[in-house]
Amino acid sequence: MEDYGFSSDDEEEEEMDCYLSDQEEDAIEETVLHVLEDGSAEDCRWSQSSVITQESLLAAQKEDLRKVTDLLSLTEHHARTLLMHHRWDVQRIFELLDRKGRNRLFAEAGITIKENKRVVSGSITCQICFDEVGVEESSEMDCGHRFCNDCWTSHFSVKITEGLSRRIKCMAPKCPTICSDSVIRQLISSSNPNLAAKFDRSLLESYVDDNDAVKWCPSAPHCGNAVKVKGDVMCEVACSCGEEFCFGCGGEAHSPCSCAMWEMWARKCRDESETVNWITVNTKPCPKCRKAVEKNGGCNLVACICGQAFCWLCGGATGRDHTWSSITGHSCGRFNEDQKLKSEYAKRNLYRYVHYHNRYKAHTDSLKQESVLKEKIKEKIAVSESKEGSEIKDYSWVGSGLGRLFRSRRVLSYSYPFAYYMFGDELFKDEMTPKERELRKNLFEDQQQQLEFNVERLSGFLEKDFQDLPDNEVKAIMEHVVTLSSVVDGLCRQMYQCIENELLYPLRSTHSISPYKSKGLEKAAELAIRPDSSELTCQNSNSAPGTIVTSALGKRAAHLHEASSSSSSSEENNCSSHKKAKLVQQVGPNSSDMAAPLFDLNVPLT
């Protein structure tokens, strides 16, 4: 076993951090039991969203860059290359550093670090164009390959134009090294400033486009914001502009449908898939031109517009001589089982789709109509509060009931697309027996029916003109609204638990849904960027000059970093890097990494 320089004090402190006291264990156990008893599954799937505006996008990128530069003492270019390779997942880099080691981590990302660059003077022969140029007219990358600036510029221009500017590799054959951003910017700026601006913008927007924890807001027209999520990324979020969307697929908020279900449903409603089903059920193709022909009479001899006559029963081409009972020279008394089954299957699917789509559309239309209630209810509340002699002054229950109605109506409308695919043949045909399918279908539809019944009752009470009623009737309406709001909330939560635990969990296919939010989606606050965040780097008043105190790094990962930096290779180990500790790094006065700016993109988004 290798010695990474642990002291006995470090080991004792590490062991103490690994174990909880009896009081801490009891507190954690009590909290978990409390959550389970409440049945609030949404508390178990934690996520927090924040908005990244155009102004804070650069600062958000700089913050992640600084985390990596502080951890690995890298230049800005190398830190960005490493983050892009791992889709801007800083925690993932921390874990891989512990498991793979520094050298392997860099090699997989296309990073080459040369301790001492060779000094070249005079002239060189470019291995691309084979021209002899001076050293000052050539550029060398971290891998040591040097080519003339004209060839580099042409290479960079092609890659940027093709949209491949974020990870431009060296021109040398089979060289995986990523080219330096500063060299690319310097060469492109002198020949094509517009292309250089496109390159800078691409690097900036990579923080959103290549980041699994950040998504652009899909609002139209675009508000210019992006939303960042910490925790469970399978959730629904609300941008500060008011747009609500699914963070998993970027589409509209669609729970309890999974992303795959909603994409299939939206495509089915958008394209002509059901028109094709109708054509399959009600028409037959002409045997000559293959156009769809609809029968509009009782005779089984039909004629296409191309002039071809054919038999409606079997679809075979015939002549035009016929009687009501037969067609001359044609007999199709043989039963075609395949054609009959295909027609019946298409007809059943069409009727099934129409059933679910009609109910989905009905609840969606009701939701739109009930949205108009908001203004009417405000007027009713204003009249009621100004009514003389009334004992009721608090009408907040009306607003709470209306919000509950909107959220439950939305859940109810999206439950029909879910049921269409959950109990159909498109996704889970081979994962449930017919008996299991029927049992689960009945279980879900019973809950759906209860929710639908209570939602309609809640809607009916909220639509009453309570401003014209006496206090005793208003109090009765208030009791019904408060009770039904609680009942509907419980039924929605129960439906989500049924979907996750009883329907989706036993399946082999992975389908996840966003957790139920009883209070609805809260608008995400703007991301707070702290330039001197204590989580990243802080100055310690008790430290000597040049000392940087860094957190967000486990002790063993820090020791592994020191060990791997001093040796040419590092072995994999099982040390944990999840626990937070402090690492003191001595930075010399000539450290170019810490003295240089961490980020130099200043291209504003327009």
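A residue is termed buried when its relative accessible area is under 20%, exposed when it is over 50%, and partly exposed in between. The structure described here is a predicted model. By the above criterion, the buried residues of helix α8, which spans residues 181–191, are Asp181, Val183, Ile184, Arg185, Leu187 and Ile188. The cover over these buried positions includes helix α4 (76–85), strand β4 (138–140), helix α7 (149–161) and helix α9 (193–209). One of the buried residues of α8, Asp181, also takes part in a network of salt bridges with shared partners, which joins it to Glu76 and Arg80.

At the level of the whole protein, the secondary structure amounts to 18 helices and 18 strands. Of the 606 residues, 43% are buried. When contacts between residues at least 6 apart in sequence are considered, 64% of them join residues at least 24 apart. The exposed surface comes to about 33,500 Å², of which 49% is supplied by carbon and sulfur atoms.

A search of the whole structure returned 19 salt bridges. In one of the pairs, Asp212 is bound to Arg87, with the closest N and O atoms 2.8 Å apart. Because Asp212 belongs to the loop between α9 and β6 (214–216) and Arg87 to the loop between α4 and α5 (90–100), this pair ties together parts that are 125 residues apart in sequence. Both partners fall into the intermediate class of accessibility: Asp212 is partly exposed, at a relative accessible area of 46%, and Arg87 is likewise partly exposed, at 34%.

A further salt bridge links Arg348 and Asp425, for which the closest N and O atoms are 3.7 Å apart. Arg348 is located in helix α12 (residues 337–371) and Asp425 in the loop between α14 (396–422) and α15 (434–462), so this pair ties together parts that are 77 residues apart in sequence. Arg348 is partly exposed, with a relative accessibility of 43%, and Asp425 is partly exposed at 30%.

The salt bridge between Arg493 and Asp489, with an N to O distance of 3.7 Å, is formed within a single helix. The two residues are four places apart in helix α16 (residues 471–504) and are therefore separated by about one helical turn. An α-helix has 3.6 residues a turn, so residues three or four places apart point the same way. Arg493 and Asp489 are both buried.

Charge is also found on the surface without such pairing. Asp131, Glu136, Glu137 and Asp150 form a negative surface patch. Among these residues, Asp150 is placed in helix α7 and is exposed, with a relative accessible area of 61%. Helix α7 is also among the elements that cover the buried residues of α8.

Several loop positions were examined individually. Ser56 is situated in the loop between β1 (47–52) and α3 (57–72). With a relative accessibility of 7%, Ser56 counts as buried because the cut-off for this class is 20%. Apart from neighbours within four places in sequence, the residues in contact with Ser56 are Val51 and Glu526.

The backbone shows particular features at other loop positions. Most residues other than glycine have a negative phi, and most peptide bonds are trans. Trp88, although not a glycine, has a positive phi of about 60 degrees. Trp88 lies in the loop between α4 and α5, the loop that also holds Arg87, and is buried at 4% relative accessibility. Lys174 is not a glycine either and has a positive phi of about 60 degrees. The position of Lys174 is in the loop between α7 and α8, where its relative accessibility of 86% places it in the exposed class.

Cis peptide bonds were found at two prolines, Pro221 and Pro256. The bond joining Ala220 and Pro221 has an omega of about 0 degrees, and Pro221 is part of the loop between β6 and β7 (226–231). For the cis bond from Ser255 to Pro256, omega is near 15 degrees. Pro256 lies in the loop between β9 (244–246) and α10 (259–270).

Notes: Residues numbered from 1 in each chain as written. Predicted model: local features only at pLDDT ≥ 70, side-chain atom pairs only at ≥ 80, totals over all residues. Heavy atoms only, no water. Buried < 20%, exposed > 50% of the residue type's maximum accessible area, 1.4 Å probe, protein only. Contact = heavy atoms within 4.5 Å. Salt bridge = Lys/Arg side-chain N within 4 Å of Asp/Glu carboxyl O. Patch = residues over 30% accessible without salt bridge, like charges linked within 9 Å, V, L, I, M, F, W, Y side chains within 5 Å. Areas by Shrake-Rupley, 256 points an atom, 1.4 Å probe, with all protein chains shown as cover. Lys, Arg positive; Asp, Glu negative; His and termini not counted. Charge placed at Lys NZ, Arg CZ, Asp CG, Glu CD.
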